[in-house]
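Good morning, and thank you for the time on the agenda. I would like to walk you through one protein model, beginning with a term that we shall need and then turning to the structure itself.

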Amino acid sequence: PGGCPAPCECSEAAKTVKCVNRNLTAVPPDLPPYVRNLFITGNRLARLPAGAFPAQRLPDLGALNLSGNHLRAVEAGALAALPALRQLDLSGNPLVALSPQAFGEGGSPLEELALRGALRNHSVLLSLAAMLQSGALRNLSRLELADNGLLLLPAGMFTALPALRQLDLSNNSLVGLGNVSFQGLGQLQSLNLSDNSLSVLRNGTLAQFRGLPALRRIGLGRNSWVCDCAIEDLVAWLKESDQVEGKEALTCAYPDKMLGKALLKINGSDLNCSAPVDLPSQLQTSYVFLGIVLALIGAIFLLVLYLNRKGIKKWMHNIRDACRDHMEGYHYRYEINADPRLTNLSSNSDV
């Protein structure tokens with residue numbers, strides 16, 4: 001007790017233990033109880049089982065870095081009952097399973113959680129959302145979800161994080177924020193959405209930004225802004241808001257005629273939105289017109305049939321009589337061929 005595990009480096013004065021690049025496959029069981037900052041990085045842990053960090057032996061553990069360990073599973077109770085844990089870094093791990101009960105049933109005092117590049121698996125993202133929504137991390141003030149290739153975020157993912165101040169969603173592939181609710185994040189100060197695939201921000205999202213009193217820094221750089229009529233609300237908000245960092249550098253990516261144009265310099269004449277095109281109503285009108293045309297063609301066809309009913313009736317009778325005569329001829333020939341006497345008679349008469 002109080003010693004240093006063989007593969008690690010310890011400093012009792014700094015309350016720090018480092019087990020870096022030692023090919024560990026499990027958390028060392030004999031960590032000194034004085035440790036406050038624990039670095040277990042660059043190893044091969046694979047999984048983090050329940051009770052991996054017993055609270056009775058690590059009462060002061062406040063910062064835990066588990067990045068780059070090839071972790072694939074964080075099981076229920078793996079990080080439970082660490083009363084002093086404030087910072088956790090799981091970045092760079094190819095997680096395929098993250099238990100919503102990883103911090104136990106009673107929640108955690110955790111304040112900072114880094115998951116950079118650890119949420120490539122969609123089921124892990126859903127598990128994280130379930131964990132956050134359960135209120136297990138209500139004290140979280142900083143959440144880093146960058147570099148995960150995220151396209152969309154689960155609805156209501158951040159609704160149970162009242163203490164959140166910094167949210168990093170940069171360097172993903174987010175195409176929209178329509179299903180994301182930022183309501184309830186009254187303490188949010190910084191939101192990083194740079195390096196994504198956002199094409200526009202709708203009025204509902206912009207209204208949420210306006211309603212966050214502490215929000216002072218929003219990063220929107222290096223997104224694929226589509227400068228058509230739908231971007232008018234975003235442009236108007238940018239011109240009136242002081243929340244966006246480097247907003248002067250935001251430029252259009254599409255269409256080609258607007259490529260490179262600064263969003264802040266866009267005006268109504270550039271977008272030509274005086275007569276907005278309502279595609280659904282146009283399609284509806286086209287379908288109605290097509291229906292009317294087909295109805296007229298059908299009515300004309302029925303009228304022609306009615307006017308020529310006598311000729312059509314006579315034509316049908318003629319066809320019936322012709323078919324009857326033809327069938328009688330076939331029937332007569334069949335009777336001659338079927339009766340030997342008539343056949344001989346027919347032969348003799350031919351002779």
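Let me begin with the vocabulary of exposure. A residue is called exposed when its relative accessible area is over 50%, buried when that area is under 20%, and partly exposed in between. With a relative accessibility of 55%, Asn-23 therefore counts as exposed. Please also bear in mind throughout that what you see is a predicted model.

Now to the chain as a whole. Its secondary structure consists of seven helices and 15 strands. The radius of gyration is 39 Å, whereas the globule rule gives 20 Å for 351 residues, so the chain is more spread out than a compact globule. Along the principal axes, the C-alpha atoms fill a box of roughly 135 × 65 × 35 Å. Of the 351 residues, 38% count as buried. If we take the contacts between residues at least 6 apart in sequence, 63% of them join residues at least 24 apart.

A few words on the surface and the charges. The accessible surface of the protein chain comes to about 19,400 Å², and carbon and sulfur atoms account for 55% of that area. There are 32 positive and 29 negative side chains, and the centres of these two sets lie 2 Å apart.

Let us turn to individual positions, starting with the backbone. Most residues other than glycine have a negative phi, and most peptide bonds are trans. Against that background, three places deserve a look.

The first topic is Asn-23, which we have already met. This residue sits in the loop between strand 2, residues 16–20, and strand 3, residues 37–41. Its phi is near 55°, a positive value in a residue other than glycine.

The next is Ala-46, in the loop between strand 3 and strand 4, the latter covering residues 47–48. Ala-46 is not a glycine either, yet its phi is positive, at about 70°. How accessible is Ala-46? Its relative accessible area is 38%, so Ala-46 is classed as partly exposed.

The third place concerns a peptide bond. Tyr-254 and Pro-255 are joined by a cis peptide bond, with omega at about -10°. Pro-255 itself belongs to the loop between strand 15, residues 252–254, and helix 4, residues 268–271.

I now come to residues with low accessibility. Leu-38 lies in strand 3. Because its relative accessibility is 0%, Leu-38 counts as buried. Which residues does Leu-38 touch, leaving out those up to four places away in sequence? They are Val-17, Leu-31, Phe-53, Leu-61, Ala-63, Leu-64 and Asn-65. Gly-62 is 24 residues from Leu-38 along the chain, and their C-alpha atoms are separated by 8.3 Å.

Asn-148 offers a second case, this time in a loop, between strand 10, residues 142–144, and strand 11, residues 166–168. With a relative accessible area of 3%, Asn-148 is buried. What does the side chain of Asn-148 reach at 2.7 Å? The partner is the backbone nitrogen of Leu-119. In addition, a polar atom of the Asn-148 side chain lies 2.8 Å from the backbone nitrogen of Ala-118. Beyond its neighbours up to four places away in sequence, Asn-148 touches several residues, including Arg-116, Gly-117, Asn-171 and Asn-172.

Gln-208 is the third, and its setting is helix 2, residues 203–210. Its relative accessible area is 16%; the limit for a buried residue is under 20%, so Gln-208 is classed as buried. The Gln-208 side chain reaches two backbone atoms at 3.4 Å: the oxygen of Val-180 and the nitrogen of Gln-183. Setting aside neighbours within four places in sequence, the contacts of Gln-208 are Val-180, Ser-181, Phe-182 and Gln-183.

Finally, Ser-286, which is located in helix 5, residues 279–307. Is Ser-286 buried or partly exposed? At a relative accessible area of 43%, Ser-286 is partly exposed. Its C-alpha atom is separated by 28 Å from that of Ile-231, a residue 55 places apart from Ser-286 along the chain.

To close, I would ask you to keep two points in mind: the chain is more spread out than a compact globule, and Asn-148, although placed in a loop, is buried. Thank you for your attention.

Technical notes
Residues numbered from 1 in each chain as written. Predicted model: local features only at pLDDT ≥ 70, side-chain atom pairs only at ≥ 80, totals over all residues. Heavy atoms only, no water. Helix = DSSP H or I, 4+ residues; strand = E, 2+ residues; numbered from the N terminus. Buried < 20%, exposed > 50% of the residue type's maximum accessible area, 1.4 Å probe, protein only. Polar contact = N/O pair within 3.5 Å; in protein donor to acceptor, adjacent residues only side chain to side chain. Contact = heavy atoms within 4.5 Å. Rg over C-alpha atoms; globule rule 2.2 N^0.38 Å. Areas by Shrake-Rupley, 256 points an atom, 1.4 Å probe, with all protein chains shown as cover. Lys, Arg positive; Asp, Glu negative; His and termini not counted. Charge placed at Lys NZ, Arg CZ, Asp CG, Glu CD.
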